[in-house]
Amino acid sequence: PRPPPGPTPEPMSIRRRHLLFALAVASLSAVIPSTSLADPFGSGQPGQPNPGLWVADGADHWYCLHDVPAVDQWRYHNALAILDVQTDMYDVHTPTCGTATDIVFIVNNNIELNGLTGCMIWVLRPSVCDQAWVAVSPANVHAGYGTAGFNTSYNKTIGHETGHTVGLTHNFWTISTMRSGPIHDLGWFNYLWTLYEPHHVDHINAQY
């Protein structure tokens with residue numbers, strides 16, 4: 001079993017991490033490809049900027065909601081619960097964000113994407129992320145949610161970024177939460193992982 005989560009970071013530490021994450025956002029935004037010809041899984045190296053090209057450090061996915069408004073927290077709990085149901089992973093919600101936390105969810109309306117995932121703490125092995133930070137921008141989602149509506153697009157964004165934290169990258173040829181682009185492109189898509197392609201679930205299960 002993992003040790004209990006550490007104490008809540010001091011305010012200055014949180015601000016410093018926000019700054020580091022903002023710098024990561026700037027570099028990631030410049031390199032995310034517009035098309036994809038393959039479906040790599042966990043094949044990157046530490047420092048590689050393309051999201052999704054790493055794996056989590058274990059099947060237990062501890063997460064915290066750093067500054068997510070209470071009215072929206074159910075969305076994040078649903079994303080992790082559905083990950084539990086559809087894969088061999090399982091989530092542990094921690095009320096504080098410590099060194100044992102695998103995902104730190106934050107709300108950041110200043111990013112230029114609906115959501116963005118960055119690895120903030122690497123394990124001393126290639127392609128393994130010990131702690132990922134996920135930023136979601138409700139403002140961007142609201143500005144371009146397509147025909148599916150704000151709620152579905154918001155939930156899909158959380159599911160998509162959660163997929164990056166377990167090793168999945170973008171794809172453009174399946175109806176799944178990892179497909180990038182306007183939500184209306186997904187047609188009858190049902191938010192989060194509920195229509196996730198078995199092929200991609202197999203990636204996760206084989207790893208964990």
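**Exercise 1. Start from C97 in this predicted model and work out its setting and its bond.**

Step 1. Take the accessibility: C97 has a relative accessible area of 9%, so it is buried, given that buried means under 20%. Remember as you go that the model is predicted.

Step 2. Place C97 in the fold: the residue sits in the loop between strand 3 and strand 4.

Step 3. Find the bonding partner. A disulfide joins C97 to C64, with an S to S distance of 2.0 Å.

Step 4. Read the handedness. The S-S torsion of C64 and C97 is about 110°, so this disulfide is right-handed.

Step 5. See what is tied together. C64 belongs to strand 2 while C97 is in the loop between strand 3 (90-93) and strand 4, so the bond connects parts that are 33 residues apart in sequence.

Step 6. Check the partner's accessibility: C64 has a relative accessible area of 0% and is buried.

Step 7. Add a backbone distance as a cross-check. Y63 is 34 residues from C97 along the chain, and their C-alpha atoms are separated by 7.7 Å.

**Exercise 2. Complete the disulfide inventory: how many disulfides does the structure hold, and what is the pairing of the bonded cysteines?**

Step 1. The count is two disulfides.

Step 2. Besides the bond of C64 and C97, there is a disulfide between C119 and C129, whose sulfur atoms are 2.2 Å apart.

Step 3. The link of C119 and C129 has 105° about its S-S bond and is right-handed.

Step 4. Locate the ends: C119 is in strand 5 (residues 115-122) and C129 in strand 6, ten residues apart. Both C119 and C129 are buried.

Step 5. Number the bonded cysteines in sequence order, and the pairing reads 1-2, 3-4.

**Exercise 3. Describe the largest nonpolar core and identify the residues with the most contacts inside it.**

Step 1. This core has 24 residues, and Y76, L80, F105 and I158 have the most contacts inside it.

Step 2. List the elements that give two or more residues: strand 1 (55-56), strand 2 (60-65), helix 2 (73-86), strand 4 (103-107), strand 6 (128-136) and helix 4 (150-165). Helix 2 gives the most, with four residues.

Step 3. Zoom in on Y76. Setting aside neighbours within four places in sequence, Y76 is in contact with L65, V68, F105, V107, V136, Y154 and I158.

Step 4. Look for another core. A second, separate one has eight residues, and C97, V104, I106 and A135 are included in it. That brings us back to the cysteine of Exercise 1.

**Exercise 4. Search for enclosed empty space and characterise what lines it.**

Step 1. Recall the idea behind the search: rolling a probe the size of a water molecule over the atoms shows where empty space is left.

Step 2. Over the whole structure, one cavity of 30 Å³ or more turns up. The largest cavity has a volume of about 40 Å³.

Step 3. Its lining consists of W54, A56, D57, H61, D102, C129, D130, Q131, A132 and T165. C129 also takes part in the disulfide with C119.

Step 4. Sort the lining by character: four nonpolar, three polar and three charged residues.

Step 5. Sort the lining by element: strand 6 supplies the largest share, four residues.

**Exercise 5. Compare T162 and M120: which is buried and which is partly exposed?**

Step 1. T162 is found in helix 4, whereas M120 is in strand 5.

Step 2. T162 has a relative accessible area of 0%, so it is buried. M120 comes out at 23%, so it is partly exposed.

Step 3. Add one C-alpha separation for each. T162 and A79 are 83 residues apart along the chain, with C-alpha atoms separated by 7.4 Å. For M120 and D102, 18 residues apart along the chain, the separation is 10.0 Å.

**Exercise 6. Step back and summarise the whole chain.**

Step 1. Count the elements: the protein chain has five helices and six strands.

Step 2. Write their order along the sequence: α-β-β-α-β-β-β-β-α-α-α.

Step 3. Take the burial total: 48% of the 208 residues are buried.

Step 4. Finish with contact range. Of the contacts between residues at least 6 apart in sequence, 72% join residues at least 24 apart.

Technical notes. Residues are numbered from 1 along each chain as its sequence is written. This is a predicted model: local features need pLDDT of at least 70, side-chain atom pairs count only at pLDDT 80 or more; totals for chains, interfaces and linings use all residues. Side-chain values use heavy atoms; hydrogens and water are left out. A nonpolar core is a set of buried Ala, Val, Leu, Ile, Met, Phe, Trp, Tyr and Cys residues joined through side-chain atoms within 4.5 Å. Buried means under 20% relative accessible area, exposed over 50%, partly exposed in between (1.4 Å probe, protein chains only). Contact means heavy atoms within 4.5 Å. On a 1 Å grid over the protein atoms alone, a cavity is a set of points where a 1.4 Å probe fits but cannot get out, and a pocket is an open set with protein on both sides within 12 Å along at least five of seven lines; lining residues have an atom within 4 Å of a point. Grid points are joined across faces, edges and corners, and a volume is the space filled by probe spheres set on the points. Ala, Val, Leu, Ile, Met, Phe, Trp, Tyr, Cys and Pro count as nonpolar, Asp, Glu, Lys and Arg as charged, and the others, Gly among them, as polar. A disulfide is a pair of cysteine sulfur atoms within 2.5 Å.
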